[in-house]
Amino acid sequence: MSAATTRWTPSSWHDLPAQQLPEYPDADQLKQVLERIAAQPPLVFAGEARDLTEQLARVSRGEAFLLQGGDCAETFDAAGADITRDKLKVILQMAIVLTYGAQMPIVKVGRIAGQMAKPRSSPTEVVDGVEMPSYKGDAVNGLAPILENRIPDPTRLERMYHHSASTLNLVRAFTQGGFADLQRVHAWNQEFVAGSPQGQRYEQVAQEIDRALNFMRAIGLDIDRQPTFNTVDVFTSHEALLLDYEEAMTRQDSLTGDWYDCSAHMLWIGERTRQLDGAHMHFLSGVHNPIGCKVGPTMTPDELLEVCDLLNPDNVPGRLTLISRMGVDAIEEVLPPLLTATREGGRNVVWVCDPCHGNTITSESGYKTRRFDDVLGEIRGFFAAHTTAGTVPGGVHMELTGEDVTECLGGDQNIADLDLAQRYETACDPRLNNAQSLELAFQVAEMLRS
Ligand code: PEP
Ligand code: CO
């Protein structure tokens, strides 16, 4: 049996080999939790997922640009409104900078409201001489290095559902309820950034936008009543790692009869679970949401075409986003042949750049970190590769936060190795902080302009 030949149902993935799934000690308990989740309302609707597919189709044609970003791993205790609000603020700010700079619509997708399960390179780790399972995200086990806490607990899946529901409720309220009104563009600049060079640069853009809005008001446009001016669409996404949960959230659309994974608008397959004959590929091949697939440096052109045919057999524009994560040193060599393969093979895909996961290093002081310059350098390499291959650079996929953390090196603030200890707060990979994210957006806007 293989991923391509197995007849698809929401549960057919069970017949295929699956990497990275937790081993739960109590199968009955897991079953009961999954039954309860399956009886809950969907988090997103099929029509919303179709809307995102259409917007991504525009991205594939170079008519819009995708900004996908958020935490490496969301946590249960970060459930308060502030962190979600701050993350939205920085995504809205980046989107404004990109829209204004590139004069192009920006499709906004958060790594948010469900990004809580992590694949790990090693299943166990040794802490203070005790070997224990690695942390696999709050949806699986606890971060604190205590043996019992690291045993996979199925009730965490139910907590993830409820946590995702409350986060998504906030996202919907913030984006539709006035917070995202263009007339509040200044209010997205947080106090701790406002005085920085990036914050000041942002203020200048915000002032230009004020002038444009005043002009529109002056010629008689009623911008208070136009949804274009006072609401935005922010879609949700996460890595579809925990197939039991994704299966429980998968529902048949009453309108089309198609299956949708209603845990998020967009789901992606990680670099460690993208085996052509594996359960993850098979599961996502059957749901009709827009799908992403990470593409790392070991991918070959032939394998990539098989990925496209498995995940998007009807070659629907916007259905498949390929998320390149090569590392700054490899990208200009390994990406162009892959771009050429999709172009010459006539495969409709969105190409986006994840400049984070190929550039993770351990600093001298022992922190898992990334250099701002490497992140930016990989995006530059991504644009250069598309110029070489004659393809469309469709967007960026970022690990970032709206908080003032010190997790990545460099940027205008010149964060050094010894500064990392100050506010290193991530549960998993290092995130660009608010100022670094804004700085990156200005640089990417310039790349898009030229
Ligand atoms: C991630 O996006 O957090 C991740 C684990 O990425 P990758 O699968 O590309 O390593
Ligand atoms: Co990560």
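Q: In this predicted model, which residues touch the most other members of the largest nonpolar core?
A: Let's start with the interior of this predicted model. The largest nonpolar core has 113 residues, and helix H3 (residues 81–102) gives the largest share of them, ten residues. Nonpolar side chains tend to be buried together in soluble globular proteins. Within this core, the members that touch the most others are Leu157 and Leu440.

Q: Which residues does Leu440 touch, leaving aside those up to four places away in sequence?
A: A contact here needs heavy atoms within 4.5 Å. With residues up to four places away in sequence not counted, the partners of Leu440 are Met94, Phe372, Val375, Leu376, Ile379, Met398 and Leu432.

Q: How many residues are in the other core, which lies apart from the largest one?
A: Another nonpolar core sits apart from the one that holds Leu440. Among its members are Leu52, Ala64, Val107 and Phe235, and its count is 13 residues.

Q: Which residues are the protein donors of the cobalt ion (ligand 2)?
A: The donor atoms lie 2.1 to 2.4 Å from the cobalt ion (ligand 2). Along the sequence, the donor residues follow the spacing C-x284-H-x41-E-x29-D. Written with their atoms, they are Cys72 (SG), His357 (NE2), Glu399 (OE) and Asp429 (OD).

Q: How many residues apart in sequence are the parts that His357 and Glu399 tie together?
A: His357 lies in the loop between strand E11 (350–353) and strand E12 (361–362), whereas Glu399 belongs to strand E14 (residues 393–399). Because the two sit in these separate elements, the pair ties together parts whose distance in sequence is 42 residues.

Q: Is Glu399 buried or exposed?
A: The cut-off for buried is under 20% relative accessible area. His357 falls below it with 18%. Glu399 has a relative accessible area of 1%, so it is buried.

Q: What percentage of the accessible area of ligand 1 does the protein cover?
A: The residues surrounding ligand 1 include Cys72, Lys118, Trp268, Lys294 and His357. Polar side-chain atoms lie 2.9 Å from an oxygen atom of the ligand for Arg111 and 2.7 Å for Arg325, while a side-chain N or O atom of Glu399 is 3.1 Å from an oxygen atom of ligand 1. On its own, ligand 1 has 290 Å² of accessible area, and the share covered by the protein is 98%.

Q: How many of the eight residues of helix H9 (residues 279–286) are buried?
A: The buried residues of H9 pack against several elements, including helix H8 (243–248), strand E9 (291–295) and helix H10 (301–311). Named one by one, they are Ala279, His280, Met281, His282, Phe283, Leu284 and Gly286. Helix H9 is mostly covered, and of its eight residues the number buried is seven.

Terms used
Residues are numbered from 1 along each chain as its sequence is written. Chains are lettered from A and ligands numbered from 1 in the order in which they are written. This is a predicted model: local features need pLDDT of at least 70, side-chain atom pairs count only at pLDDT 80 or more; totals for chains, interfaces and linings use all residues. Side-chain values use heavy atoms; hydrogens and water are left out. A nonpolar core is a set of buried Ala, Val, Leu, Ile, Met, Phe, Trp, Tyr and Cys residues joined through side-chain atoms within 4.5 Å. Buried means under 20% relative accessible area, exposed over 50%, partly exposed in between (1.4 Å probe, protein chains only). Helices (H or I, at least four residues) and strands (E, at least two) are DSSP runs, numbered from the N terminus. Donors are N, O and S atoms within 2.8 Å of the metal (3.2 Å for Na, K and Ca); water is not among the atoms, so sites may look incomplete. A residue is near a molecule or strand if one of its heavy atoms lies within 4 Å of it. A polar contact is a pair of N or O atoms within 3.5 Å; within protein, one must be able to donate a hydrogen and the other to accept it, and residues adjacent in sequence count only if both atoms are side-chain atoms. Accessible areas come from the Shrake-Rupley method with a 1.4 Å probe; for residues, only the protein chains shown count as cover.
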